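Please open the structure in your viewer and keep the selection tool at hand. The tour proceeds from one selection to the next.

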Amino acid sequence: MTTPAPAKPLLFTSIAIRDISFKNRVVIAPMATYSAVDGIAQDFHFAHWGRLILGGAGCVFIEATAVSAQGRITNGDLGLWSDAHIPGLKRVADFMKTQNVVPGIQLGHAGRKGSMQRPWFGNGALTAEDLARGEKKWDTVAPTATPLGKGHIVPHQLTIPELAALKEEWVSAGKRAIEAGFDVLEIHNAHGYLMHQFLSPISNTRDDGYGADLKGRMRFPLEVAEALRQIWPQDKPVFLRVSAVDGVEGGWTMDDTVAYARELKTRGIDVIDCSSGGLFGSATAARIKRSWGFQVPYAERVRHEVGIKTMAVGLIIDSLFAEDILQQEKADLIAIAREALVNPCWPQMAEIALGRKPVDAMDDWPVQYGWWLKHRERTIEQIRAEEAAAPQR
Ligand SMILES: Cc1cc2nc3c(=O)[nH]c(=O)nc-3n(C[C@H](O)[C@H](O)[C@H](O)COP(=O)(O)O)c2cc1C
């Protein structure tokens, strides 16, 4: 009697969204490195992305990329506000395709969270010391003229004509992302940046048609999502990342996220990427209690109540746990961020941990690694067999 082969894990089963096929369901989440010069990708970016691209994920996202210079968080943000930004990004998108990795890009605008220190210099407002280091300050914009906190720049309150112009900046950056060769667009609506500032009742206290109530607060982010969906190729997916809850009294709630996701679905958004927090501090500052996969319930609720695909992210580091999220239909994709910085080969090792024989799995690794490692694997197996057969002393 033969033992049936173990079922293929869902995590390593391909999935198609629109006409884009992902070889597996592991996605590397966007991770800003704050290392660009005038918005342009540098050597560090290629080394960083290279590690992630060769690690086996089905899709790798390029970090939050600013749609305008004003929309940067720090002086080191990547940008797509001019054609000069395209070649650096095209190089990496093209390389991803040679490795059967779907190239994704996240577009963002910092709003009142702009003109800030790079995280490792303090994550606060720029200081005299930062300026002496060569950093530059700039004016910021937001739904209202309320600063992020004490010491931060007071943003300019966006007027209605300025909102129309800003939408065009998103669209222009989206067109450049297409030219650069990206297959998936993610619109950054999370972590306290401009779109989240419009959504949350804490940061959007406008009383015009772009505030006042939930419908008004959703209006600008929905206009931008709709405009981007219109220009993004119809055969390619658009993801949108939300902070599903603010985790702050009187803030954006899960009910709001469900209502918002319904609107996004009708506008053709394909996947809701469910993160949380960040309205005041960094998204990794724990206002919401941390536990393994603490944001998975947000992805689950949106998926079930709205009937839209979701991506789960946040403290997912165990492959069995990741598989279980998919098996229990809580999400369609699993995004990994910091764990991939620790171990860029997380997807490759997860597939082995979920039961695939190393020598078979390595057939799908970049041949420059896989060919050698398969041979090493056979040698390891042989040594182990010899050890097992040797008489015990
Ligand atoms: C270095 C770093 C940079 C990040 N940059 C971004 C970003 O550009 N856009 C974004 O939406 N989230 C960003 N995040 C958040 C991650 O995408 C992810 O949601 C978060 O780290 C939780 O997932 P994890 O527990 O797997 O790290 C960043 C996180 C890290 C650690």
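Begin by selecting strand E4 together with strand E6 (residues 102-108): the two pair in the parallel sense over seven bridges. Within this pairing, Ala64 stands opposite Gln106 in E6. Please keep in mind throughout that this is a predicted model.

**The other partners of E4**

Add strand E3 (residues 26-28) to the selection. Two bridges join E3 to E4, and these strands run parallel. To find one point where they meet, select Ile28, whose bridge partner in E4 is Val60. Next, add strand E5 (residues 78-79), which pairs with E4 in the parallel sense over two bridges. Here the residues to display are Thr65 and its bridge partner in E5, Leu78.

Is E4 mostly covered, or mostly open? Eight of its eight residues are buried, and E4 is thus mostly covered.

**The ligand and its shell**

Now select the ligand and the residues around it. How many residues surround the ligand? There are 20, and the closest are Ala29, Ala32, Ala64, Ala337 and Arg338. Ala64 is the residue already seen opposite Gln106 in E6. Colour E4 (59-66) and helix H10 (338-342), since each of these elements supplies at least two residues of the shell. If you then colour the shell by residue type, eleven residues appear as nonpolar, five as polar and four as charged.

**Helix H9 and its buried face**

Move to helix H9 (residues 319-327) and display Ser319, Ala322, Glu323 and Ile325, which are its buried residues. Turn the view until you look down the axis of H9: these buried residues fall within an arc of 155°, and therefore they line one face of the helix. A general rule helps in reading such a view: an α-helix has 3.6 residues a turn, so residues three or four places apart point the same way.

What do the buried residues of H9 pack against? Select helix H8 (296-306), strand E12 (309-313), strand E13 (333-336) and helix H11 (346-353) to see these neighbours. Before leaving this region, select Glu329, just after H9, where the backbone takes a positive phi of about 55°.

**Strand E10, covered on both faces**

Select strand E10 (residues 238-243). Six of its six residues are buried, so E10 is largely enclosed by the rest of the structure. In a regular strand the side chains alternate between the two faces of the sheet. In E10, Val238, Leu240 and Val242 lie on one side, while Phe239, Arg241 and Ser243 lie on the other, and all are buried.

Add strand E9 (residues 184-189), which pairs with E10 in the parallel sense over five bridges. Leu185 has Val238 as its bridge partner in E10. Then add strand E11 (residues 271-275), which also pairs with E10 in the parallel sense, over five bridges. In that pairing, Arg241 stands opposite Asp273 in E11.

**Three residues with fewer neighbours than a buried one**

Residues count as buried only if 20 or more other C-beta atoms lie within 10 Å of their own. The next three selections fall below that mark.

- Select Ile160 in helix H4 (residues 160-179). Is Ile160 buried or exposed? With 10 C-beta neighbours inside 10 Å, Ile160 counts as exposed. A distance label to Ser172, twelve residues along the chain, should read 19 Å between the C-alpha atoms.
- Select Thr266 in helix H7 (residues 254-266). Thr266 is exposed, because 9 other C-beta atoms lie within 10 Å. Asp208, 58 residues away in sequence, is 24 Å away in space, C-alpha to C-alpha.
- Select Val359 in helix H12 (residues 358-361). Val359 counts as partly exposed, because it has 15 C-beta neighbours inside 10 Å. Leaving aside neighbours within four places in sequence, Val359 is in contact with Lys374, Glu377 and Arg378. The C-alpha atom of Val359 is separated by 52 Å from that of Glu249, 110 residues apart along the chain.

**Confidence in the model**

Finally, colour the chain by pLDDT. The protein chain averages a pLDDT of 96, and 97% of the residues score at least 70. Where does pLDDT stay under 50? Select residues 1-5: pLDDT stays under 50 there, and the model has zero contacts for them beyond four places in sequence.

Key:
Residues are numbered from 1 along each chain as its sequence is written. This is a predicted model: local features need pLDDT of at least 70, side-chain atom pairs count only at pLDDT 80 or more; totals for chains, interfaces and linings use all residues. A residue is near a molecule or strand if its C-beta atom, placed from the backbone, lies within 6 Å of it. Helices (H or I, at least four residues) and strands (E, at least two) are DSSP runs, numbered from the N terminus. Ala, Val, Leu, Ile, Met, Phe, Trp, Tyr, Cys and Pro count as nonpolar, Asp, Glu, Lys and Arg as charged, and the others, Gly among them, as polar. A residue is buried if 20 or more other C-beta atoms lie within 10 Å of its own, exposed if 12 or fewer, and partly exposed in between; C-beta atoms are placed from the backbone. Two strands pair if DSSP finds at least two bridges between them. The arc is that of the directions from the helix axis to the C-beta atoms. Two residues are in contact if their C-beta atoms, placed from the backbone, lie within 7 Å. pLDDT is the predictor's confidence in each residue, from 0 to 100.
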